[in-house]
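This briefing walks through one protein chain, topic by topic, for a reader who wants to check each statement against the coordinates. Please keep the sequence and the 3D view open while reading.

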Amino acid sequence: MEKVKAGIIGCGNISAVYLANLKNSPLIEVVAVADLLADRAEERANQFGIGSVYTVDELIHSEEIELVFNLTVPGSHALTDLAVLEAGKHVYSEKPLAVSLEDGKKVVGLASEKGLRVGCAPDTFLGAGIQTARYAIKEGLIGQPIAATAFFMGSGPEWWHHDPEFFYASGGGPMFDMGPYYLTALVNLLGPIRRISASAGIQIPDRKIHSGPKSGTSLQVQTPTHLSGTLDFVNGAIATMITSFDIRGASDLPRIEIYGTEGTLSVPDPNEFNGEVRLRKFGEEEWQTVEPLFECSSNERGLGAGEMITAMRAGRPHRASAELGYHVLEAMHAFQRSSMEGKHIVLESAYEPDEELYYGTEVMPEEQS
């Protein structure tokens with residue numbers, strides 16, 4: 001099967017992980033990279049043996065390239081996606097799909113109009129951790145899901161990131177940075193979200209960079225850094241979720257737990273592809289480990305793009321889709337809107353997860369020879 005030729009726009013930190021993983025992909029060959037900083041693109045090309053270094057515009061309009069990976073900063077995601085789609089190419093974007101709902105709608109609409117595929121991270125839900133949790137729920141191991149909790153409790157990226165300013169600009173904060181992992185996992189485990197009520201605030205406004213050449217520089221905080229909300233799902237389950245950059249001490253709260261009529265499921269970190277799924281049935285005193293559906297590493301970023309190519313060739317919808325990305329984007333906006341407006345926010349979009357489980361290969365089992 002001939003590989004799809006791809007290019008990467010954005011050669012920052014995350015690009016190294018994508019390039020390392022895609023180097024072994026049976027479906028995708030990265031043939032070019034581009035970045036607004038030419039030196040950074042050259043460095044990545046040399047590091048991974050990529051043949052061509054282009055400007056962003058050259059890469060978008062290259063006749064050789066069919067698929068573009070958009071690994072730019074969040075504020076550029078929608079603009080870059082739209083330019084790629086206008087050039088007649090498929091695109092796979094880092095999260096979030098867009099910063100604004102209006103731009104997210106434009107991306108989904110243009111892709112549909114042109115008959116092109118848009119994939120959107122995170123694809124961690126395709127890993128063994130979340131897929132095994134899905135299996136446990138589908139098999140009725142906890143009965144009917146009735147509630148859930150999800151917690152991301154962090155101190156902020158300024159303690160380790162050399163250029164953390166964008167984390168505190170519009171489209172950043174703990175919700176837009178880490179929320180996509182948690183919300184994507186919850187939607188794939190429990191189905192679409194119906195409404196959200198929340199509170200959001202900037203609890204620690206005075207911050208400084210503590211790493212790299214900018215160490216000691218003050219940060220301007222322009223987006224909520226602590227958000228706490230309640231999510232009502234279409235299936236009746238109710239979840240409590242907190243995302244925070246304001247936790248200066250430790251936290252023992254679980255990443256995600258799903259509570260059912262017959263037991264509790266402990267779900268691993270949704271920012272990882274693997275991890276132990278634990279089950280405690282009603283009336284039992286000990287937790288047991290649910291056997292993983294398949295083996296995978298902790299970081300397989302780009303897996304969703306491979307699954308998208310397989311789905312495209314099979315003529316079926318792909319899983320890490322723009323529609324899922326938009327539903328998550330609307331949910332993230334609902335947290336802030338609810339806090340500002342003092343009311344429940346009912347989501348307009350709905351995303352139904354694929355009924356079939358994913359088994360950890362870029363070629364689905366029913367399509368293997």
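UniProt annotations may be inferred rather than shown by experiment, and feature names are shortened here. With that caution, the UniProt record, an unreviewed entry, assigns "domain: GFO/IDH/MocA-like oxidoreductase" to residues 130-265. The model is predicted, and the points below cover its two annotated spans, two sheets, two cis peptide bonds, cavities and one residue of a helix.

**Annotated spans**

- The UniProt record, again as an unreviewed entry, lists "domain: Gfo/Idh/MocA-like oxidoreductase N-terminal" for residues 5-119.
- In residues 5-119, helix accounts for 43% and strand for 22% of the span, and the C-alpha atoms at its two ends are 16 Å apart.
- Residues 130-265 are 20% helix and 33% strand, with 11 Å between the end C-alpha atoms.

**The parallel sheet**

- An open sheet is built from 6 strands, which follow one another in the order β3-β2-β1-β4-β5-β6 with parallel pairing.
- Because β3 (52-54) and β6 (118-120) occupy the edges and each has a single partner strand, one side of each is left without a neighbour in the sheet.
- On average, and with direction ignored, neighbouring strands of this sheet are turned by 25° against each other.
- At one end of the order, β5 (residues 90-93) is joined to β6 in the parallel sense over 3 bridges, and S93 has C120 in β6 as its bridge partner.
- Helix α1 (residues 13-22) lies across β1 (4-9), β2 (28-34), β4 (67-70) and β5, and its direction makes an angle of about 150° with β2.

**The mixed sheet**

- A further open sheet contains 9 strands in the order β16-β15-β14-β13-β7-β12-β11-β8-β17, and its pairing is mixed.
- The edge positions belong to β16 (288-289) and β17, each with a single partner strand, so one side of each is left without a neighbour in the sheet.
- Helix α9 packs on this sheet, where it touches β8, β11, β12 (238-244) and β17, and its direction makes about 50° with that of β8.
- Strand β8 (residues 193-201) pairs with β11 (residues 226-233) in the antiparallel sense over 8 bridges; within this pair, G201 has H226 as its bridge partner, and A198 stands opposite G229.
- Strand β8 is also joined to β17 (residues 345-346), which runs antiparallel to it, by 2 bridges, and I196 stands opposite I345 there.

**Cis peptide bonds**

- The peptide bond from K95 to P96 is cis, with omega near -5°, and P96 belongs to the loop between β5 and α5 (101-114).
- A121 and P122 are likewise joined by a cis peptide bond, with omega about 5°, and P122 is found in the loop that lies between β6 and α6 (128-138).

**Cavities**

- Searching the whole structure gives 3 cavities of 30 Å³ or more, and the largest has a volume of about 80 Å³.
- The lining of the largest cavity consists of 15 residues, and those nearest its centre are C120, A121, P122, T184 and G325; C120 is the β6 partner of S93 noted above, while A121 and P122 are the two residues of a cis peptide bond.
- Helices α7 (173-190) and α9 (322-341) each supply at least two residues of this lining, and α9 gives the most, with 5 residues.
- Sorted by class, the lining of the largest cavity has 12 nonpolar residues, 3 polar residues and no charged residues.

**Around V108**

- Residue V108 lies in helix α5, and, leaving aside residues up to four places away in sequence, V108 touches L97, A322, E323 and Y326.
- V108 and L97 are 11 residues apart along the chain, and their C-alpha atoms are separated by 9.4 Å.

Methods:
Residues numbered from 1 in each chain as written. Predicted model: local features only at pLDDT ≥ 70, side-chain atom pairs only at ≥ 80, totals over all residues. Heavy atoms only, no water. Pairing = 2+ DSSP bridges. Helix = DSSP H or I, 4+ residues; strand = E, 2+ residues; numbered from the N terminus. Axes fitted to C-alpha atoms, helices over the stretch in contact; angles between N-to-C directions. Contact = heavy atoms within 4.5 Å. 1 Å grid on protein atoms, 1.4 Å probe; cavity = no way out; pocket = protein on both sides within 12 Å on 5 of 7 lines; lining within 4 Å. Points joined across faces, edges and corners; volume = space filled by probe spheres on them. Nonpolar A, V, L, I, M, F, W, Y, C, P; charged D, E, K, R; others polar.
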